[in-house]
Amino acid sequence: MGAMIMGYALPAPWPIIVAAGCMAATAVIVMRDRRRDGFFVSGYRPGRTRWLALAMVIAAWIALFAAIVLKARFGLVWAPVVIGLAMALLVTLGSVAWERVYRQELQGTSHDD
């Protein structure tokens, strides 16, 4: 998510190329997980994890919108880089939280650590 936002700091057609690269990387991760573990767990699965995943997606859309507006309207060409780096940190922390919630669901507990 962070890379997709950072890509908007680049001149055309690079944002599209970066987005395509991110989609390709996602496909590779899914294939690797299936090969390694025999399955892939979607972040949008039912349960408490879905809300965490949706919160990250909403945050990414807001960040992308802010990055584009700050660059296009205010000429802050560096804004997508800064916002993208912040988003990368946010979704990394979100991913750790997602895994913690998922493991709790697998164990049948519902602690909100």
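**Exercise 1.** In which helix is the place of aspartate 33, and is this residue buried or exposed?

*Solution.* Before starting, note that residues are numbered from 1 along each chain as its sequence is written. The model is predicted, so that local features need pLDDT of at least 70 and side-chain atom pairs count only at pLDDT 80 or more, while totals for chains, interfaces and linings use all residues, and side-chain values use heavy atoms, with hydrogens and water left out. Step one is to locate aspartate 33, which has its place in helix 2, where helices are DSSP runs (H or I, at least four residues) numbered from the N terminus. Step two is to classify aspartate 33, which counts as buried because its relative accessibility is 13%, given that buried means under 20% relative accessible area, exposed over 50% and partly exposed in between, with a 1.4 Å probe and protein chains only. Step three is to list its contacts (heavy atoms within 4.5 Å): leaving aside neighbours within four places in sequence, aspartate 33 touches Gly38, Phe39 and Phe40.

**Exercise 2.** Describe the largest pocket and the second largest pocket by volume, lining and residue class.

*Solution.* A pocket is, on a 1 Å grid over the protein atoms alone, an open set of points where a 1.4 Å probe fits, with protein on both sides within 12 Å along at least five of seven lines, and its lining residues have an atom within 4 Å of a point. Grid points are joined across faces, edges and corners, and the volume is the space filled by probe spheres set on the points. Begin with the largest pocket, which holds about 1200 Å³ of space; its lining comprises 31 residues, of which Ile29, Phe40, Val41, Gly43 and Ser95 lie nearest the centre. Two or more lining residues come from each of helix 2 (14-37), helix 3 (48-72) and helix 4 (79-107). By class, this lining has 20 nonpolar, five polar and six charged residues, where Ala, Val, Leu, Ile, Met, Phe, Trp, Tyr, Cys and Pro count as nonpolar, Asp, Glu, Lys and Arg as charged, and the others, Gly among them, as polar. Turn next to the second largest pocket, with about 240 Å³ of space, whose lining includes Met1, Tyr8, Tyr44 and Trp61. Helix 3 gives the most to this lining, with four residues, and the lining divides into 10 nonpolar, no polar and no charged residues.

**Exercise 3.** Which residues make up the largest nonpolar core, and which helix gives it the largest share?

*Solution.* A nonpolar core is a set of buried Ala, Val, Leu, Ile, Met, Phe, Trp, Tyr and Cys residues joined through side-chain atoms within 4.5 Å. The largest one has 10 residues in all, namely Ile5, Met56, Ala60, Ala63, Leu64, Ala67, Ala79, Ile83, Met87 and Val91. Helix 3 supplies the largest share of this core, five residues. For one member, isoleucine 83, the contacts beyond four places in sequence are Ile5, Ala63, Ala66, Ala67 and Leu70.

**Exercise 4.** Where is proline 13 found, and what is the geometry of the peptide bond that leads to it from alanine 12?

*Solution.* Proline 13 is found in the loop between helix 1 and helix 2. The peptide bond from alanine 12 to proline 13 is cis, with omega near 5 degrees. As a point of reference, most peptide bonds are trans.
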